[in-house]
Amino acid sequence: MDKTYRIITYGCQMNVHESEKIAGMLENEGYVRSDNDDIADVVVLNTCCVRETAETRVTGNLGILKKSKELKPDMKIIVCGCMTQSDGTAQKLKERCPFIFAILGTHNIDRLPEILRDGHNGKTYVEITDKTKINEDMPVKRTSGINAWVNIMYGCNNFCSYCIVPYVRGRERSREKKHIIADVKKLVSVGYKQITLLGQNVNSYGNDLNGSTDDFPSLLRDLSAIDGKFRIKFMTSHPKDIVPETVDAISESDKLSHFIHMPAQSGSDRILGLMNRKYTSADYLSKIDMIKNAIPDAGLSGDIMVGFPTETERDFADTVDLVSAVKYSNLYTFIYSRRKGTPAANMEGQVPTADKKRRIAELIKRQAQIACGSAVACVGRSYEILCSEHKNGKIVGETRCGKAVLIDGDASMVGKFINAKIIKNVNSKLYGAIN
Ligand code: SAH
Ligand code: SF4
Ligand code: F3S
């Protein structure tokens, strides 16, 4: 009987894609994806530590897996991803959960096959390194339907004062442009219709490629020149680094999505300063204007954090004003979570939980009103829609500006571009009919 595997993924798209690489390695080793969650031979937890809630979910799941391992003693439980790389966590996990087979850091996940083959005398094996060489030869078992994730860079240099990512993912490393282009060409030739480029701050792509003039706008132009009908998306854009050349590359391309994820985090200049974001709310709004002027139908999404240390009601009101001014089509809202090892964790003036909860609820309410207004405005308009999946008897598709639309249709439409008119809006959900 084939050996089976199961991967449990937490965190961002970066991790979702990394899990596809883990799956690729395991399948090369002869493992097959498990249909039964409880009895896989190898269970991989690909962890996140960006907020405390993510870590709590991982520890909760380890408790459940401990029981599964009692029923199936030869089960190999592997813990990898960002949490393992944060200070002292690997050691703590090893002591508290001796049933874990191996703990692997974010920089050496490619060692998984070798580590699995070794028994390590029944002891938890820990391998965390700071070596950060990009491995271009990782197999990938893609799981995201018509979308293919493509890393253009790894790591982050920005050190926002609340954020653990630079500590657990290391400094920015850009992939060479020729590798990215080769990947995208291949993915398009085998039928992927959407390519999503990944980086913590895509706008700094190429800064670390010594002696090269390759930058993000030139990458976008080169990828747009690849033959075929497909869409290119990317995330995340740091507001301080998005330049007019990038916006021009988008507006001049027939392939680039008009959807831009550009987190503001806060609307208060004082808080943005403390966050080390390196822009003011006026700078942010002028970047939004630059985008809207060049790409009139641009869809915008962002991340906002409430309850950063010392945030007052006045600061929060500035955030609500910024959100009202931008009119995001999607907004991801977070309660500030204290991350050990980051500068903000030691700041005075941590905000009481009750205030954080009230603020996030207010922000979500305000955003819902905005989303409702923009959904109403879509009714009657026509869009080119990429059909991405068939679910509950309907096609789920996306406009070029990133709006989700439900359309009557069958599974044969998945992966096709169609023109549809928005016929109704129900609680900000858009329904379309083929033109
Ligand atoms: N590189 C991306 C974001 C990566 S983390 C960027 O710069 O936008 C995704 C989001 O998690 C961040 O945008 C931020 O809003 C949120 N986040 C990061 N650290 C956090 C913390 N300590 N508490 C709460 N939210 C946090
Ligand atoms: Fe974290 Fe800031 Fe880097 Fe984004 S840009 S990953 S929020 S440090
Ligand atoms: Fe992503 Fe979480 Fe790591 S958000 S980069 S998986 S800390």
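The following paragraphs go through the ligand sites, one pocket and two backbone features of this structure, which is a predicted model.

Ligand 1 has 15 residues around it, and those that come nearest are Gln 200, Pro 263, Gln 265, Asp 303 and Ser 337. Two of these residues also make polar contacts through their side chains. An N or O atom in the side chain of Gln 200 is 2.9 Å from a nitrogen atom of ligand 1. For Gln 265, a polar side-chain atom lies 2.7 Å from an oxygen atom of ligand 1. Arg 277 also places a polar side-chain atom 3.5 Å from an oxygen atom of ligand 1. On its own, ligand 1 has 540 Å² of accessible area, and the protein covers 90% of this. Two elements, β13 (299–306) and β14 (330–335), give two or more residues each to the shell around ligand 1. By class, that shell holds seven nonpolar, four polar and four charged residues. Where does ligand 1 lie with respect to domain 2 and domain 3? Ligand 1 lies between them, because residues of its shell come from both domain 2 (144–257) and domain 3 (259–377).

Gln 200 appears again in the surroundings of ligand 2. There the shell includes the cysteines Cys 156, Cys 160 and Cys 163, together with Asn 158, Phe 159, Tyr 162, Val 165 and Pro 166. His 238 and Arg 277 are also among the residues that surround ligand 2. The shell of ligand 2 divides into seven nonpolar residues, three polar and one charged.

Ligand 3 has Gln 200 in its surroundings as well. Cys 12, Cys 48, Cys 49 and Cys 82 are found around ligand 3, along with Gly 11, Asn 15, Val 50 and Arg 169. Five residues in this shell are nonpolar, three are polar and one is charged.

Apart from the ligand shells, there is the second largest pocket, with a volume of about 450 Å³. General reasoning helps here: a probe the size of a water molecule, rolled over the atoms, shows where empty space remains. The lining of the second largest pocket consists of 21 residues, and Met 138, Val 140, Arg 142, Asp 183 and Lys 186 lie nearest its centre. Elements that give two or more residues to this lining are α1 (13–28), β7 (147–151) and α7 (177–189). Of these, α7 gives the most, with five residues. The lining divides into 10 nonpolar, four polar and seven charged residues.

Two backbone features remain. Most peptide bonds are trans, and most residues other than glycine have a negative phi. Met 235 and Thr 236 are joined by a cis peptide bond, with omega about 10°. Thr 236 is placed in the loop between β11 (231–235) and α9 (244–252). Lys 327, a residue other than glycine, has a positive phi near 60°. Lys 327 is found in the loop between α12 (313–326) and β14. The strand β14 is also one of the elements that give two or more residues to the shell around ligand 1.

Note on methods:
Residues are numbered from 1 along each chain as its sequence is written. Chains are lettered from A and ligands numbered from 1 in the order in which they are written. This is a predicted model: local features need pLDDT of at least 70, side-chain atom pairs count only at pLDDT 80 or more; totals for chains, interfaces and linings use all residues. Side-chain values use heavy atoms; hydrogens and water are left out. A residue is near a molecule or strand if one of its heavy atoms lies within 4 Å of it. Ala, Val, Leu, Ile, Met, Phe, Trp, Tyr, Cys and Pro count as nonpolar, Asp, Glu, Lys and Arg as charged, and the others, Gly among them, as polar. A polar contact is a pair of N or O atoms within 3.5 Å; within protein, one must be able to donate a hydrogen and the other to accept it, and residues adjacent in sequence count only if both atoms are side-chain atoms. Accessible areas come from the Shrake-Rupley method with a 1.4 Å probe; for residues, only the protein chains shown count as cover. Helices (H or I, at least four residues) and strands (E, at least two) are DSSP runs, numbered from the N terminus. Domain bounds come from an automatic or database domain assignment. On a 1 Å grid over the protein atoms alone, a cavity is a set of points where a 1.4 Å probe fits but cannot get out, and a pocket is an open set with protein on both sides within 12 Å along at least five of seven lines; lining residues have an atom within 4 Å of a point. Grid points are joined across faces, edges and corners, and a volume is the space filled by probe spheres set on the points.
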